[in-house]
Amino acid sequence: MKLYALGGYNEVGKNMCAIEVGKDVVIIDMGVHMDKIVGMDEEERNMPTKDLIKMGALPNDVLLKGKNVVAIVLTHGHLDHIAAIPRLAEKYNCPIIGTPYTLEILKNILADEKKPQLVKNLYLLSAGEKATVAHNLDVEFIHMTHSIPDAVMIALHTKDGIVVHTGDYKLDNNPTIGNAPDYKRLKKLGKLGVKLLLSECVRVQDSARTEPEYVAKVMVEDALDRAYADHSAVAITTFASHIARIRSIIKANRGRREIIMIGRSLESYTAAAQRIKLIDLEGIKIYGRRKSIGYALKNIKTKPENYLIISTGNQGEPNAVLSRIARKEFEFTFDKEDQVIFSSEVIPNPVNVANRYVLERDLKEQGVRLMEGVHTSGHARREDHRDLIRMLTPKNIIPHHGETERLASYAALAMEEGYILGDTVKILYNGAIIDIN
Ligand SMILES: [Zn+2]
């Protein structure tokens with residue numbers, strides 16, 4: 001068995017790896033590097049694939065040239081896990097396997113990128129199900145919790161043993177959409193024997209365990225109750241794909257204000273969720289296009305205390321609505337004492353940190369009150385990772401989805417659990433190929 005570390009092995013972004021058993025190869029995830037994509041103009045986004053790879057926006061999959069790729073398997077619908085598919089997947093001409101919400105998002109991306117021919121390759125697999133992708137090679141989806149619906153861990157059953165890929169995850173026993181993780185199955189896999197665990201490590205440097213999504217729901221309720229008492233304009237921003245959180249915001253409003261959702265990604269992610277009945281948006285107005293956003297905001301200006309604005313731009317993305325309001329590009333501007341609630345965390349990379357700094361500075365200059373951190377993370381913290389290692393007791397562990405410092409922190413945790421650095425726990429880099437024994 002061989003592992004190809006293709007993306008996400010020295011960075012938070014562009015996740016992609018491949019497992020080779022005999023002649024067959026399974027690719028897991030195919031993401032873009034968000035901080036290289038955010039801020040690109042139309043022309044740059046249309047650059048040839050080889051140039052996007054060169055600048056690090058897409059994973060370099062040249063190592064798989066000529067290989068017999070039998071499936072591309074997706075852990076969840078975040079762009080750093082699936083958005084490279086329009087550029088890279090076509091040449092493999094194999095099934096692209098994902099859960100319902102992941103595939104709904106992917107369909108939107110394929111339409112935007114004008115790759116409708118790939119839709120025929122999409123293969124729906126739900127959590128708890130298995131698919132045979134080649135002789136002696138089965139893909140299994142295990143229900144998991146994260147900051148997007150329908151996230152799964154992947155178990156690859158091969159003739160050389162079981163590989164578990166965590167995708168992005170938190171161990172949430174009180175989620176607000178769906179059930180807690182499928183611990184029973186994870187423990188069973190542990191008993192069957194896991195040869196290799198490929199684990200994300202985005203928040204491994206944070207101590208303790210991650211709070212459940214239910215806590216964020218209560219925090220959102222409290223934030224809105226207190227903001228409404230001040231009769232000011234209120235805007236709340238979160239990840240457009242965080243459907244559980246958007247549902248909590250709508251519920252917390254309790255019909256008190258008219259909800260206006262603005263931003264293109266909010267429009268597209270909620271539409272995808274609506275198609276598979278994950279969210280009810282009755283009575284909520286959604287504006288995705290530049291012109292209609294300007295029009296909607298103009299209306300709000302007359303009586304801002306009657307509205308709740310849910311907007312994109314929680315990372316301070318310069319092109320998102322919130323940053324554009326802060327730069328006074330619309331007729332609607334914030335007044336002193338208006339409130340902006342960040343129901344999000346900064347995805348840890350330098351571009352986001354810098355963008356958020358600019359956004360917050362602009363808002364503060366206008367006297368806006370900032371309510372940050374009304375949020376619980378979608379990523380496991382150190383003690384959650386320890387719990388998972390103990391459930392699966394894998395023979396080998398390789399962390400990914402982090403720069404070297406984060407990978408090393410995960411490796412140190414594995415060493416506390418009895419693994420040996422360079423032997424049973426390894427730190428890889430993009431482009432590495434290693435044998436798993
Ligand atoms: Zn994710």
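**A tour of the chain, stop by stop**

Buried residues make up 52% of the 437 residues in this chain. Keep in mind that you are looking at a predicted model.

**Stop 1: the whole chain**

Select everything and show it as a cartoon. You should find 15 helices and 19 strands. The radius of gyration is 22 Å, close to the 22 Å that the globule rule gives for 437 residues, so the chain is as compact as a globular protein of that length. Now turn the model along its principal axes. The C-alpha atoms fill a box of roughly 65 × 45 × 35 Å.

Next, think about contacts. Take those between residues at least 6 apart in sequence. What percentage of them join residues at least 24 apart? The figure is 74%.

**Stop 2: two domains**

Colour the chain by domain. For domain 1, select 2–209 together with 378–435. For domain 2, select 213–371. Domain 1 is thus written as two stretches of sequence, and domain 2 as one. Put a marker at the C-alpha centre of each domain. The two centres lie 30 Å apart.

**Stop 3: where the domains touch**

Zoom in on the place where domain 1 meets domain 2. How many residues of each domain are in contact with the other? Domain 1 brings 20 residues, and domain 2 brings 24.

Stay on the domain 1 side and select helix H6, residues 100–112. This helix gives five residues, the largest share of the side that touches domain 2. Colour that side by residue type. Nine of its residues are nonpolar, eight are polar and three are charged.

**Stop 4: Asn93**

Select Asn93. Asn93 sits in the loop between helix H5 (85–88) and strand E5 (96–98). Check its backbone: phi is near 40 degrees, a positive value in a residue other than glycine. Is Asn93 buried or exposed? Asn93 counts as exposed, because it has 9 C-beta neighbours inside 10 Å, and 12 or fewer is the cut-off for that class.

**Stop 5: Lys328**

Move on to Lys328, which lies in domain 2 by its number, within 213–371. Look for the loop between helix H12 (321–326) and strand E16 (339–342); Lys328 is there. Lys328 is not a glycine either, yet its phi is positive, at about 60 degrees. Now count its neighbours. Lys328 has 12 other C-beta atoms within 10 Å, so it is exposed.

Terms used
Residues are numbered from 1 along each chain as its sequence is written. This is a predicted model: local features need pLDDT of at least 70, side-chain atom pairs count only at pLDDT 80 or more; totals for chains, interfaces and linings use all residues. Helices (H or I, at least four residues) and strands (E, at least two) are DSSP runs, numbered from the N terminus. The radius of gyration is taken over C-alpha atoms; the globule rule is 2.2 Å times the number of residues to the power 0.38. A residue is buried if 20 or more other C-beta atoms lie within 10 Å of its own, exposed if 12 or fewer, and partly exposed in between; C-beta atoms are placed from the backbone. Two residues are in contact if their C-beta atoms, placed from the backbone, lie within 7 Å. Domain bounds come from an automatic or database domain assignment. Ala, Val, Leu, Ile, Met, Phe, Trp, Tyr, Cys and Pro count as nonpolar, Asp, Glu, Lys and Arg as charged, and the others, Gly among them, as polar.
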